[in-house]
Amino acid sequence: MTITFDDNLPIFQQVAHIIEDDILNGTFRVDEQILSVAQFSQLFQINPATVVKGIGLLVNEEILYKKRGLGMFVASDAKEKIQLKRRERFTKELLSELLNEADKLGLTTGDIIDMITQLRKD
């Protein structure tokens, strides 16, 4: 498996996002153990310290929890926490940018809704 990391975002944050994606798509389920630091490190071909830092982000957000001597596990409400966090980011970053561009183009809210509706049909 080859992962291409984005140069514009720290790798540890990208590791956290990959794990979040795996929780959202069901690869890692509630109370299921995730891969070890060594496994992620080998899989992504990155330094184990970088993986530890990425996993640490998710532990701090209570998306993952540690079972001493066993490893890291997915919290019971991890999926909801990730969705909430990403919805907030979607609203603040993506929608704001979209609306700024729409204003520049003279698009109305109705125009935007029509475009989104059409895209969802395709």
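This section describes the aromatic contacts, salt bridges, strand pairing and surface patch of a predicted model.

A search of the whole structure identified four aromatic pairs. In one of these, the ring centres of F5 and F44 are separated by 6.1 Å and the ring planes stand at 90°, so the arrangement is edge-to-face. F5 belongs to the segment before helix 1 (11–24), whereas F44 belongs to helix 2 (residues 37–44); the contact therefore ties together parts of the chain that are 39 residues apart in sequence. Both partners are classed as buried: F5 has a relative accessible area of 17%, and F44 has a relative accessibility of 5%. A further pair is formed by F28 and F40, with ring centres 6.5 Å apart and planes at 75°, and this pair is therefore also edge-to-face. Here F28 is contributed by the loop between helix 1 and helix 2, and F40 by helix 2, so that distant parts of the chain, 12 residues apart, are linked. F28 is buried, its relative accessible area being 8%, and F40 is likewise buried, at 2% relative accessibility. Taken together, F5, F28, F40 and F44 make up one aromatic cluster.

Aromatic rings are also met by lysine side chains. The charged end of K53 is placed over the ring of F12, at 4.4 Å from the ring centre. In a second case, K67 lies over the face of F73, with a distance of 4.5 Å to the centre of the ring.

Side chains of opposite charge can pair when their charged atoms come close. Six salt bridges are present in the structure. One of them joins the side chains of K85 and E20, with an N to O distance of 2.2 Å. K85 is located in helix 4 and E20 in helix 1, and the bridge links these distant parts of the chain across 65 residues. The two partners differ in their accessibility class: K85 is partly exposed, with a relative accessible area of 25%, while E20 is buried, with a relative accessibility of 0%. E20 also forms a salt bridge with R86, for which the closest N and O atoms are 3.0 Å apart. This bridge again connects helix 4, where R86 resides, with E20 in helix 1, the two residues being 66 apart in the chain. R86 has a relative accessibility of 19% and is therefore counted as buried, the class being defined by values under 20%.

K85 takes part in another salt bridge, in which its side chain meets that of E61 at 2.7 Å, N to O. E61 is situated in the loop between helix 3 (48–60) and strand 1 (64–67), so the contact with K85 in helix 4 links distant parts of the chain, 24 residues apart. At 33% relative accessibility, E61 is classed as partly exposed. Through shared partners, the salt bridges join E20, D21, E61, K85 and R86 into one network.

Strand 1 pairs with strand 2 (residues 71–74) in an antiparallel manner, and four bridges join the two. Within this pairing, Y65 has F73 of strand 2 as its bridge partner; F73 is also the residue whose ring face is covered by K67. The two strands form a hairpin with three residues between them, in which G69 adopts a positive phi near 80°.

On the surface, F90, L94, L95, L98 and L99 constitute a nonpolar patch, with about 430 Å² of accessible area together. F90 is part of helix 4 (residues 78–105), the helix that also carries K85 and R86. With a relative accessible area of 44%, F90 is partly exposed, and this value satisfies the requirement of over 30% for membership of a patch.

Terms used. Residues numbered from 1 in each chain as written. Predicted model: local features only at pLDDT ≥ 70, side-chain atom pairs only at ≥ 80, totals over all residues. Heavy atoms only, no water. Patch = residues over 30% accessible without salt bridge, like charges linked within 9 Å, V, L, I, M, F, W, Y side chains within 5 Å. Areas by Shrake-Rupley, 256 points an atom, 1.4 Å probe, with all protein chains shown as cover. Salt bridge = Lys/Arg side-chain N within 4 Å of Asp/Glu carboxyl O. Buried < 20%, exposed > 50% of the residue type's maximum accessible area, 1.4 Å probe, protein only. Phe/Tyr/Trp six-rings, centres within 6.5 Å; stacked < 30°, edge-to-face > 60°. Lys NZ or Arg CZ within 6 Å of the ring centre and 35° of its normal. Pairing = 2+ DSSP bridges.
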